[in-house]
Structures are given as structure tokens and as C-alpha cells.
Amino acid sequence: GIDKRDVTIAFPVDDNKHSMGKIFAYLPVHSDTGFPFLINADFILPSSREDIQDVPWNRWLMKCVASLLADALPLLKEKGRLTVDLLEALAKRINELYESSIFYPIVEAVRDALMDQELLPTDDGTFVSARNAKLASAEWLRTLLRDEQLKQLFKTESTLKWISGEITERTKHNFDLWKYIREELNVEEVTPESFARKIESTFLGKQTDDWMIDFYRHLSKVEYLWRPGGLMRRKPILRLQDNKHVVPFRSDGMENAYLPPPEETEFPVVKQEI
């Protein structure tokens with residue numbers, strides 16, 4: 001008949017990780033949780049205090065811990081403590097847990113919080129929810145496609161942001177967090193190929209000449225996209241003098257546009273400013 005309880009969690013305020021993962025039932029329990037924070041509650045223990053028992057009371061308390069953690073994440077963000085390292089440690093443990101685990105309510109609470117609240121670090125120093133986040137497989141995509149371009153490319157009214165560049169598949173230190181964001185939170189990873197597939201004249205027509213110059217500059221380093229057989233050869237990536245966009249070649253292999261000559265011409269030419 002008890003419906004009130006005291007549950008406490010505590011996060012480190014410095015780099016001292018000695019006590020991380022400890023669990024207490026007022027006094028220490030011998031086993032660790034693997035999470036990057038402390039847990040204290042009136043858990044039922046065996047006489048050896050080796051571990052918390054898998055009983056309904058303890059499962060109820062763990063749901064309370066999960067609810068408290070969901071409330072704590074925004075507070076950590078406000079205090080500047082919601083770091084990539086902390087999220088990596090959290091994701092590493094979550095990736096190891098199954099639904100049968102007594103800790104699984106924590107998995108669900110963290111997933112729901114990150115999906116709906118702006119708690120994931122972005123490349124511009126802010127935070128974003130998983131629903132409005134994108135991963136980039138290449139740094140130049142984050143440089144070229146900013147918030148407005150992402151909205152236009154994905155045809156949404158929501159503000160989309162890039163996940164921090166610290167979190168990539170290639171960074172061993174943060175791989176668990178990348179995997180969690182990609183597989184558990186279902187955040188799409190934009191690659192040069194997927195970017196190329198989404199490009200259309202409507203999107204390109206909204207960009208400035210300076211943006212187009214940056215686009216060509218980055219594209220010049222990704223040759224497989226525009227060499228024969230590349231995706232970009234079938235996309236309207238050439239901006240003409242009249243601001244229309246055309247694909248580089250016709251179906252018969254002839255050019256659709258030319259570099260501008262010194263004198264005026266009736267042939268379609270790439271915009272002089274570009």
C-alpha cells in the first residue's frame with residue numbers, strides 16, 4: 001500500500017569517475033549499474049548486499065529512478081553538464097541492456113526524453129531533439145547545409161540541426177553514442193550519396209550564388225559523385241545566366257551548358273558570377 005518513496009540520483013561535477021555506477025540502498029550495494037550516475041533508494045537486498053533483487057518493489061523503484069532521470073537531463077543541460085562524454089557513457093550502458101533487465105525503464109525514459117526534448121548536442125553549440133536531428137557522414141555536409149538548407153532539402157517546417165561533429169561512426173571514443181542515435185533514436189545519417197539523390201532544381205534555385213560556389217568547391221573534392229556514372233551528372237547542378245538549372249549533359253552525351261566566353265553568345269552558359 002505504499003505509494004510514496006525517496007529516490008536519489010547524483011551526477012559527477014568533475015572528472016572524478018571513481019564512484020560512477022554505484023548503487024546504494026542507504027549503504028553501498030556491492031554490484032555496479034554501469035550508468036554514469038549514482039542511484040540511491042530503499043531497494044530490497046539479499047543479506048549479502050551483492051545486488052538488488054528482481055522483485056516488484058525494486059522494479060517499481062527503478063521506474064521511479066527512470067522518471068527522475070528524465071527530469072534530470074534538462075537540468076544537466078541548463079548547468080552545462082550534459083556533455084558528449086556523459087551521453088556516450090549513458091549510451092554505452094543502454095546499448096547493452098535487454099527488455100528483461102530491471103534497468104530497462106531507464107532505457108525507455110532516456111529514449112523518450114531524447115526523442116522529444118532538445119537534449120542532443122549539435123554542431124553549433126545548441127541542442128536538438130532526435131526528431132529534428134540529422135547525422136552527417138562528412139564534415140563538408142555540415143559546412144554546406146545549414147539550418148535553412150536542411151529545412152529546404154527535407155521539405156519540412158521544423159528546424160533541423162546537425163548532431164555534433166564529435167559524434168561519428170569513425171570516432172571510436174564516441175561510437176556507442178553514434179550507434180545509439182542512429183539505431184535506437186532512428187536519426188538519419190546524411191551521406192554524400194543521399195544528399196545527391198535529394199538534390200533537385202527547386203532546392204538549388206533557392207540558394208545564393210555564393211552558396212553555389214561553395215557547393216562546387218566541396219563537390220570538386222568528391223569526384224565519384226560527378227565522374228561518368230556519378231549521381232551528380234544526372235542532377236540539375238549547373239546554374240545558367242538566367243538562373244535556371246540544368247543537368248550537365250543531354251542523353252546523347254552533348255553538353256547542356258558551356259563556360260561563358262568573353263563575348264555574348266546564344267548558347268546556354270554557366271552564370272558569369274559563378
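## A four-stranded sheet and its surroundings

The strands of one open sheet, 4 in number, follow the order β1-β4-β2-β3 with mixed pairing. Strands here are DSSP E runs of at least two residues and helices are H or I runs of at least four, both numbered from the N terminus; two strands pair if DSSP finds at least two bridges between them. β1 (8–10) and β3 (27–32) each have a single partner strand and stand at the edges, so one side of each lacks a neighbour in the sheet. On average, neighbouring strands are turned by 20° against each other, direction ignored.

A word on the model before we go on: it is predicted, with local features needing pLDDT of at least 70 and side-chain atom pairs counting only at pLDDT 80 or more, while totals for chains, interfaces and linings use all residues. Residues are numbered from 1 along each chain as its sequence is written, and side-chain values use heavy atoms, leaving out hydrogens and water.

Back in the sheet, β2 (residues 22–25) and β4 (residues 38–40) run parallel and are joined by 2 bridges. F24 has N40 of β4 as its bridge partner. Helix α1 (residues 56–78) lies across β1 and β4, at about 45° to β1. Such angles run from 0 to 180 degrees between N-to-C directions, with axes fitted to C-alpha atoms, for helices over the stretch in contact (heavy atoms within 4.5 Å).

Two helix residues can be set side by side. Accessibility is relative, from a 1.4 Å probe on protein chains only: buried is under 20%, exposed over 50%, and partly exposed lies in between. The contacts leave aside residues up to four places away in sequence.

| Residue | Helix | Relative accessibility | Contacts |
|---|---|---|---|
| R93 | α2 (residues 84–94) | 16%, buried | T33, G34, F35, F103 |
| D147 | α5 | 23%, partly exposed | D124, T159, L160, K161 |

D147 and G229 are 82 residues apart in sequence, and their C-alpha atoms are 30 Å apart in space.

What covers the buried residues of helix α9? The covering elements include α4 (139–144), α5 (147–154), α7 (192–198), α8 (201–205), β10 (238–239) and β11 (245–246). In α9 (residues 209–219), the buried residues are D209, W211, M212, F215, H218 and L219.

L219 also helps line the second largest pocket, together with Y216, S220, W226, R233, I237, L238, P248 and F249. By class, this lining has 7 nonpolar, 1 polar and 1 charged residues.

Technical notes:
On a 1 Å grid over the protein atoms alone, a cavity is a set of points where a 1.4 Å probe fits but cannot get out, and a pocket is an open set with protein on both sides within 12 Å along at least five of seven lines; lining residues have an atom within 4 Å of a point. Ala, Val, Leu, Ile, Met, Phe, Trp, Tyr, Cys and Pro count as nonpolar, Asp, Glu, Lys and Arg as charged, and the others, Gly among them, as polar.
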